[in-house]
Amino acid sequence: MSPIVFIHSMDTVNQEQWLAQFNLLLPNETIVLEHQLTDEEASRVELAIAANPSVEVLARFPNLIWVQSLWAGVEAMVRSFRAINMAKARPTQLVRLIDPTLANTMSEAVLTWSLYLYRNIPEYLAQQKQNMWRPIPYPVIETVQVSVLGTGELGIASMNALVNQGFSVNSWSRNHKDIANVSHYSGKEGLVSLLKKTDILICLLPLTDHTQKLLNKETLGLLPKGAKLINFARGGIINHDDLTSLLDAGHLSHAVLDVFEEEPLSKDSPLWQHPKLSILPHISATTNVDSASKVVANNINNYRKNGTIPSSVDLERGY
Ligand code: NAP
């Protein structure tokens with residue numbers, strides 16, 4: 001059995017945390033770091049655990065059968081895999097992390113920041129700075145239309161939390177879905193109908209060729225006046241100039257942004273100081289080492305037992 005290579009660019013403390021878990025949960029496997037292998041040894045490696053490996057590092061492993069990502073979002077890895085697979089007769093498969101704990105963490109974030117927007121917390125924070133005592137009326141929760149773009153692992157868990165809280169929930173994805181207590185939309189026309197009725201829009205789409213700058217002047221302009229936005233997916237899905245123009249014009253009232261095209265967000269970015277933006281440092285759903293390593297170990301054990309590669313990313317589609 002060839003060793004499993006662990007490819008990453010994390011610091012030593014994080015590396016040791018992951019390695020300790022893998023060694024505990026996979027006692028029959030040999031887990032090595034990329035630099036510990038000669039090129040000849042690397043050429044025999046069939047399985048990798050990886051966190052955003054570069055094309056150059058992946059190219060050292062020409063016979064990889066599949067790679068387990070430690071992250072749920074694999075946008076950067078999709079690009080690398082398209083590159084390394086170009087000349088391969090048998091493409092390397094990319095398996096992303098599907099962890100119910102992560103989905104639950106995202107659902108907490110979605111609920112937290114939806115309530116923050118619904119109950120006008122940004123306005124109260126601004127009013128407090130001016131010693132201003134001014135109650136702001138708010139509608140009953142059942143009348144608030146919250147729409148989630150993306151009905152995947154994270155979208156579904158988040159919608160369940162929103163429904164349980166009492167919001168009116170809508171969703172949008174490529175394919176038709178039946179989701180209990182959620183009004184579902186798909187296709188371009190579906191997006192238009194959904195946006196026109198949305199009070200709080202939540203983005204949980206992957207960044208692909210089709211979702212790049214999907215949220216722009218035209219689409220965000222379809223939201224009713226005063227609507228609010230949360231982006232917990234990827235920065236490239238939003239045109240930030242269009243977003244700030246709509247905030248400045250008073251068409252949108254506030255946005256919560258956790259993800260940006262360049263991270264960390266530059267200290268010089270005007271987004272930091274925008275009064276209608278809440279900026280977060282990509283924390284809405286961080287990978288939990290304990291739960292994620294169990295998912296990874298389970299996938300690897302199944303593969304060793306019966307040769308089954310977990311459901312992998314469609315590199316053509318981009319997610
Ligand atoms: P997922 O399970 O792959 O679900 C993706 C969803 O997006 C699916 O419902 C899919 O539609 C829909 N979709 C994709 N392309 C579309 C298009 N062009 N038009 C309409 N719908 C489209 O992904 P996930 O696990 O829920 O994760 C979603 C994203 O969250 C990740 O890609 C990542 O960017 C982000 N993320 C962020 C954090 C954070 O901390 N901020 C953490 C983890 C992940 P179908 O169902 O019809 O295929």
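## Exercises on a predicted protein–ligand model

Alanine 50 sits in strand S3, residues 47-50 (helices, H or I with at least four residues, and strands, E with at least two, are DSSP runs numbered from the N terminus). Before you start: this is a predicted model, where local features need pLDDT of at least 70, side-chain atom pairs count only at pLDDT 80 or more, and totals for chains, interfaces and linings use all residues. Residues are numbered from 1 along each chain as its sequence is written, and side-chain values use heavy atoms, with hydrogens and water left out.

### Exercise 1: two strand residues

Task: Work out whether alanine 50 is buried or exposed, then do the same for isoleucine 202, and find a C-alpha partner for each.

Solution:

- Step 1. Get the cut-offs straight: buried means under 20% relative accessible area, exposed means over 50%, and partly exposed is in between (1.4 Å probe, protein chains only).
- Step 2. Alanine 50 has a relative accessible area of 0%, so it is buried.
- Step 3. Now look across the fold: alanine 50 and phenylalanine 6 are 44 residues apart in sequence, yet their C-alpha atoms are 5.8 Å apart in space.
- Step 4. Move to isoleucine 202, which is in strand S9. Its relative accessibility is 0%, so isoleucine 202 is buried.
- Step 5. The C-alpha atoms of isoleucine 202 and isoleucine 230 are separated by 4.7 Å, with these positions 28 residues apart along the chain.

### Exercise 2: a threonine in a loop

Task: Find out where threonine 198 lies and what its side chain contacts.

Solution:

- Step 1. Locate threonine 198: it is in the loop between helix H8 (187-196) and strand S9 (200-203).
- Step 2. Check its cover. Threonine 198 has 0% relative accessibility, so it counts as buried.
- Step 3. Look for polar contacts (pairs of N or O atoms within 3.5 Å; within protein, one must be able to donate a hydrogen and the other to accept it, and residues adjacent in sequence count only if both atoms are side-chain atoms). The threonine 198 side chain makes one with the side chain of serine 147, at 2.7 Å.
- Step 4. The threonine 198 side chain also reaches the backbone oxygen of leucine 194, at 2.6 Å.

### Exercise 3: the ligand and its shell

Task: Say how many residues surround the ligand, which parts of the protein supply them, and why the ligand lies between two domains.

Solution:

- Step 1. Count the shell: 29 residues surround the ligand, and the closest are Glu75, Arg96, Asn175, Lys177 and Tyr319. A residue is near a molecule if one of its heavy atoms lies within 4 Å of it.
- Step 2. Sort them by type: eleven are nonpolar, eleven polar and seven charged. Here Ala, Val, Leu, Ile, Met, Phe, Trp, Tyr, Cys and Pro count as nonpolar, Asp, Glu, Lys and Arg as charged, and the others, Gly among them, as polar.
- Step 3. Find the suppliers. Helix H7 (153-165) and strand S7 (168-173) each give at least two residues to the shell, and the largest share, three residues, comes from H7.
- Step 4. Bring in the domains, whose bounds come from an automatic or database domain assignment. Domain 1 (4-99 + 287-306) and domain 2 (102-279) both give residues to the shell, so the ligand lies between them.
- Step 5. Zoom in on the atoms. A polar side-chain atom of arginine 96 is 2.7 Å from a ligand oxygen atom. A backbone N or O atom of arginine 174 is 3.1 Å from a ligand nitrogen atom, while one of asparagine 175 lies 2.7 Å from a ligand oxygen atom.
- Step 6. Finish with the area: the ligand alone exposes 940 Å², and the protein buries 92% of that (Shrake-Rupley method, 1.4 Å probe; for residues, only the protein chains shown count as cover).

### Exercise 4: backbone oddities

Task: Describe what the backbone does at proline 264, asparagine 181 and histidine 282.

Solution:

- Step 1. The peptide bond from glutamate 263 to proline 264 is cis, with omega near -5 degrees. Proline 264 belongs to the loop between strand S11 (252-257) and strand S12 (277-279).
- Step 2. Asparagine 181 isn't a glycine, but has a positive phi of about 65 degrees. You'll find asparagine 181 in the loop between S7 and strand S8 (182-186), and at 65% relative accessibility it counts as exposed.
- Step 3. Histidine 282, also not a glycine, has a positive phi near 50 degrees. Its place is the loop between S12 and helix H11 (289-306), and its 29% relative accessibility makes histidine 282 partly exposed.
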